[in-house]
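Biologist: I am new to this one. Walk me through how its labels are earned.

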Amino acid sequence: MGRSRRTIPEELLLLALDPTTGTTAQPQSLDLGLAGAQLVELALAGRIAPDGDRIAVVVPRPTGDPTLDCALELLRRRGAPVRAVHWIGGPRLGLRQVYLSHLERCGMVHAVEGQMCGVLPTTRYQATDTAISREIRARLDSAIRTGVPPDPRTAALAALAHAVGLGKHLYPGNEGRSSRSRLRDLIRHDPMGGLVAHAVMDVQNGAVAQPRRGAPPAPAGRQPAGAGGRAVPEPARGVPTQPHRGSMARVVAH
């Protein structure tokens with residue numbers, strides 16, 4: 001796949017990264033958005049394709065991007081098309097940190113060590129080239145301002161930015177209301193981006209994966225939930241991770 005083009009997961013994370021604080025906006029929903037962005041990128045690379053509301057692997061050949069290839073291999077192992085909402089709502093805990101470490105290795109961000117309350121080690125991330133983030137933002141602004149249908153990559157990025165709630169981060173306050181509305185409308189310009197964006201929103205709204213056959217159903221009106229009422233995911237399986245430098249008690253700032 002090469003490194004001449006940034007992937008949609010990378011661009012989504014750079015959009016969410018606050019240049020002043022080094023933290024990410026919407027950290028809880030961002031993991032879901034990154035999982036969805038992987039699907040869009042794999043579709044653009046011709047590796048997967050939508051099959052109704054499901055995702056089917058059509059070419060299992062690796063892309064050369066280790067984070068995408070891990071997702072592709074996990075999809076391949078399913079053996080059958082999987083519903084987008086089930087895939088995105090699966091065990092994705094830690095995907096944001098995986099991509100932060102990935103961006104650091106690629107030289108797009110650098111880690112800034114610090115402490116919380118003078119005790120707990122923390123890591124924040126600063127973009128090494130703010131021109132990249134400005135270019136990504138300019139593409140969204142242009143699509144919103146002109147009303148011209150954007151290219152599929154920009155349309156998918158806009159759909160995912162809306163789905164994870166970045167609209168209020170990118171276009172805050174009452175003055176940004178019309179821009180947020182137009183950002184939402186861009187979801188219709190890319191079918192795959194629209195499919196995964198709606199799946200991301202469905203997961204956040206409680207449309208979690210169905211229980212496996214033989215598993216006892218959750219009591220009516222109740223289900224195990226974490227922040228935002230979503231089912232608490234398990235640690236990501238099969239996703240490449242990087243060990244934290246220093247103490248195991250390091251806190252990665254949101």
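Modeller: Start with the naming: helices and strands are DSSP runs, numbered from the N terminus, with at least four residues for a helix and at least two for a strand. By that naming, T63 is found in the loop between β2 (54-57) and α3 (66-78). Keep in mind that this is a predicted model.

Biologist: Why is T63 called buried?

Modeller: Buried means under 20% relative accessible area. T63 has 4%, so T63 is buried.

Biologist: What makes T63 and D65 a polar contact?

Modeller: The pair of N or O atoms must lie within 3.5 Å. Here the backbone nitrogen of D65 is 3.1 Å from a polar atom of the T63 side chain.

Biologist: Now the cysteines. Why is C70 called buried, and why is C106 called partly exposed?

Modeller: C70 has a relative accessible area of 15%, which is under 20%, so C70 is buried. C106 has 34%, between the 20% and 50% cut-offs, so C106 is partly exposed.

Biologist: How many disulfides does the structure hold?

Modeller: Zero. A disulfide needs a pair of cysteine sulfur atoms within 2.5 Å.

Biologist: Let us turn to L160. Where is L160 found, and why is L160 counted as buried?

Modeller: L160 sits in helix α7, residues 152-163. Its relative accessibility is 0%, under the 20% limit, so L160 is buried.

Biologist: Which residues does L160 touch, leaving out those up to four places away in sequence?

Modeller: Contact means heavy atoms within 4.5 Å. On that basis, L160 touches I8, L12, G33, G36, A37, V40, V196, A197 and V200. The C-alpha atoms of L160 and L34 are separated by 8.5 Å, with their positions 126 residues apart along the chain.

Methods:
Residues numbered from 1 in each chain as written. Predicted model: local features only at pLDDT ≥ 70, side-chain atom pairs only at ≥ 80, totals over all residues. Heavy atoms only, no water. Buried < 20%, exposed > 50% of the residue type's maximum accessible area, 1.4 Å probe, protein only. Polar contact = N/O pair within 3.5 Å; in protein donor to acceptor, adjacent residues only side chain to side chain.
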